[in-house]
Amino acid sequence: MFSLTIRRHFMIAHSLPREVFGPAQALHGATFVAEVTFRRRALNEDAIVLDIGAAGGILEEVLAGLNYTNLDEHPDFAGKLSTTEALAEYIARTVAGRIKDDADGRELAGIDVTLRENPDAWASYALDLSA
Ligand SMILES: Nc1nc2c(c(=O)[nH]1)N=C([C@H](O)[C@H](O)COP(=O)(O)OP(=O)(O)OP(=O)(O)O)CN2
């Protein structure tokens, strides 16, 4: 299996209104580092998984929909908890939606997203596209 990973960061505000989150129940800000890995079993005819520039452009488009927003007011998170785990899934599925109809996108076996909250804590979601 081959993989290509790109990284960008974005900033949001949100609250996590459940007791388990302690002080994070209140509105607070976060800067996330998003690492997105595209996986495929065989390289394309250019001997790559996906062009790095194209991959970066797709991720930037997806993150532009989140950057500088208050996720408590974001329509895609209405009634949902915007935890790091949930955000990782959202980014994986949104990136997949953007790329699925491209020639390279159809060949992807999966998209993995790791979101780093800080140097000591991160969460990941692995989207399996092989089925
Ligand atoms: N599994 C997750 N746990 C927590 C998340 C998350 O997204 N997934 N998010 C938060 C908060 O948003 C914030 O990032 C950290 O909150 P904070 O209370 O400062 O940090 P801790 O939970 O590590 O520390 P406490 O001692 O419990 O306050 C929290 N958890």
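Trainee: In which sense do β1 and β2 pair, and over how many bridges?

Mentor: In this model, which is predicted, β1 and β2 pair in the antiparallel sense over 13 bridges. For a concrete pair, take Ile 6, whose bridge partner in β2 is Val 36.

Trainee: And what order do the strands take in the open sheet?

Mentor: Reading across the sheet, the order of the five strands is β3-β1-β2-β4-β5, with mixed pairing. The strands at the edges are β3 (69-70) and β5; each has a single partner strand, so one side of each lacks a neighbour in the sheet.

Trainee: Which sense does the pairing of β1 and β3 have?

Mentor: That pair is parallel, with two bridges. Here you can find Ile 12 opposite Thr 69 of β3. On the other side of the order, β2 and β4 run antiparallel and are joined by eight bridges, and Arg 40 stands opposite Leu 108 in β4.

Trainee: How many residues lie between β4 and β5 in their hairpin?

Mentor: Two residues lie between them. Strand β4 (residues 108-118) runs antiparallel to β5, and eight bridges join the two. Arg 116, for example, has Trp 122 as its bridge partner in β5. While you trace these strands, remember a general idea: in a regular strand, side chains alternate between the two faces of the sheet.

Trainee: Stepping back, in what order do the elements of the protein chain run from the N terminus on?

Mentor: They run β-β-α-β-α-α-β-β, which comes to three helices and five strands. The radius of gyration is 15 Å, close to the 14 Å that the globule rule gives for 131 residues, so the chain is as compact as a globular protein of that length. Along its principal axes, the C-alpha trace spans about 50 × 25 × 25 Å.

Trainee: Which residues touch the most other members of the largest nonpolar core?

Mentor: The general idea comes first: in soluble globular proteins, nonpolar side chains tend to be buried together. Here the largest nonpolar core has 26 residues, and Ala 34, Val 36, Leu 59, Ile 91, Val 95 and Val 113 touch the most other members. Two or more residues come from each of β1 (2-14), β2 (28-40), α1 (52-64), α2 (84-99) and β4. The most come from α2, which gives seven. Try centring your view on Leu 59: leaving aside neighbours within four places in sequence, its contacts are Ile 6, Arg 8, Ala 34, Val 36 and Val 95.

Trainee: Is Ala 131 buried or exposed, and why?

Mentor: Ala 131 counts as exposed because it has 4 C-beta neighbours inside 10 Å, where 12 or fewer is the cut-off. It lies in the segment after β5 (121-128). Its C-alpha atom is 24 Å from that of Ile 6, a residue 125 places away along the chain. Across the whole protein chain, 26% of the 131 residues are buried.

Trainee: Finally, which residues are around the ligand?

Mentor: They are Leu 16, Phe 21, Gly 22, Pro 23, Ala 24, Ala 30, Thr 83, Thr 84, Glu 85, Glu 117 and Ala 123. Sorted by class, this shell has six nonpolar, three polar and two charged residues.

Conventions:
Residues numbered from 1 in each chain as written. Predicted model: local features only at pLDDT ≥ 70, side-chain atom pairs only at ≥ 80, totals over all residues. Helix = DSSP H or I, 4+ residues; strand = E, 2+ residues; numbered from the N terminus. Buried ≥ 20, exposed ≤ 12 C-beta atoms within 10 Å, placed from the backbone. Pairing = 2+ DSSP bridges. Near = placed C-beta within 6 Å. Nonpolar A, V, L, I, M, F, W, Y, C, P; charged D, E, K, R; others polar. Rg over C-alpha atoms; globule rule 2.2 N^0.38 Å. Core = buried A, V, L, I, M, F, W, Y, C linked by C-beta atoms within 7 Å. Contact = placed C-beta atoms within 7 Å.
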